[in-house]
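Dear colleague,

Please find below the structure that I am handing over to you, followed by an account of what was found in it. I would be grateful if you could read the notes with the structure open.

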Amino acid sequence: MKTVEKPRLAWAITGSGHYLRECIEIIDGLEDVDLFLSRAGAEVLQQYGYRHQVAKVFQDKTASSVPVEMFYYGNYHTVVIAPATSNTIAKMVCGISDTLVTNVYAQAGKCGVPSIVFACDTAPEVESEAPRDNMVKVYPRRVDLENIERLQTFEDTTVVSDMQQLQAAIQARLACLKTSSS
């Protein structure tokens, strides 16, 4: 595999419905995006009935997460992990890369590719969408909130806690890329 002329954005989805609809809307408004789905992410998309417009989708179907090799060839300029479950955040904080999404995060870090993470559990009380248009209250555990704090200290990682911050972080990153390529 050779280096591409125009790197793309890698967007990873985990198994949460928390603002999933809004994440799909953002994805569909962007150009040059590849989608990486954890097994749970693929299930949740189907369960919620959401559709995206992304042409290139990678699913967690190989033990060694084969698609991550593309990071070594410069195929991606940014990783967005949104929404990110507390399970995924915990694995990322501990350096565990045993799913496609956690492997994407690890390889991006090893290749100096910045990551933007929209964590689901960022406050002591969160309202989240459940399947079939139900809203539920979720009360993240102390360990979940502590893991978010730890992840915020990681190099090349921006952690956001709402849709406005996610949009702003993505737009800032894209603007930075435009400035550096001019």
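**Strand 1 and its neighbours**

Strand 1 is joined by 5 bridges to strand 4 (residues 76–84), and the two run parallel. Please bear in mind throughout that this is a predicted model. Within this pairing, Trp-11 stands opposite Val-80 of strand 4. Strand 1 also pairs with strand 2, again in the parallel sense and over 5 bridges. There, Ile-13 has Leu-37 of strand 2 as its bridge partner. Of the 6 residues of strand 1, 5 are buried, so the strand is largely enclosed by the rest of the structure.

The segment before strand 1 contains Glu-5. With a relative accessible area of 87%, Glu-5 is exposed. Its C-alpha atom lies 8.3 Å from that of Asn-75, although Glu-5 and Asn-75 are 70 residues apart in sequence.

**Salt bridges**

The count of salt bridges comes to 6. As general background, side chains of opposite charge can pair when their charged atoms come close. Three of the pairs are described here in turn.

The pair formed by Arg-8 and Asp-34 has its closest N and O atoms 2.8 Å apart. Arg-8 belongs to strand 1 (residues 8–13) and Asp-34 to strand 2 (residues 33–37), so this salt bridge ties together parts that are 26 residues apart in sequence. The two partners may also be described by their accessibility. Arg-8 is partly exposed, at a relative accessible area of 24%, whereas Asp-34 is buried, at 1%. Both residues belong to a network of salt bridges that links Lys-6, Arg-8, Asp-32 and Asp-34.

A further salt bridge is formed by the side chains of Lys-91 and Asp-98, with an N to O distance of 2.9 Å. Lys-91 counts as buried because its relative accessibility is 17%, and the cut-off for that class is under 20%. Asp-98, at 49% relative accessibility, counts as partly exposed.

The side chains of Arg-142 and Glu-146 also meet in a salt bridge, at 3.7 Å from N to O. Both residues lie in helix 5 (residues 142–151), and their spacing of 4 residues separates them by about one helical turn. Arg-142 is exposed, with a relative accessible area of 66%, while Glu-146 counts as partly exposed at 38%.

**Helix 3 against helix 4**

How do the axes of helix 3 and helix 4 cross, and at what angle? The axes of helix 3 (residues 86–94) and helix 4 (residues 100–110) come within 10 Å of each other and cross at roughly 35°. The crossing of these two helices is right-handed.

Which residues meet where helix 3 and helix 4 are in contact? On the side of helix 3 they are Thr-88, Lys-91 and Met-92, and on the side of helix 4 they are Val-101, Thr-102 and Tyr-105. By class, this contact has 3 nonpolar, 2 polar and 1 charged residues. Lys-91 thus appears in two settings: it takes part in the contact with helix 4, and its side chain meets that of Asp-98 in a salt bridge.

With kind regards

How values were computed
Residues numbered from 1 in each chain as written. Predicted model: local features only at pLDDT ≥ 70, side-chain atom pairs only at ≥ 80, totals over all residues. Heavy atoms only, no water. Axes fitted to C-alpha atoms, helices over the stretch in contact; angles between N-to-C directions. Left-handed = near helix turned anticlockwise from the far one by under 90°. Contact = heavy atoms within 4.5 Å. Nonpolar A, V, L, I, M, F, W, Y, C, P; charged D, E, K, R; others polar. Salt bridge = Lys/Arg side-chain N within 4 Å of Asp/Glu carboxyl O. Buried < 20%, exposed > 50% of the residue type's maximum accessible area, 1.4 Å probe, protein only. Pairing = 2+ DSSP bridges.
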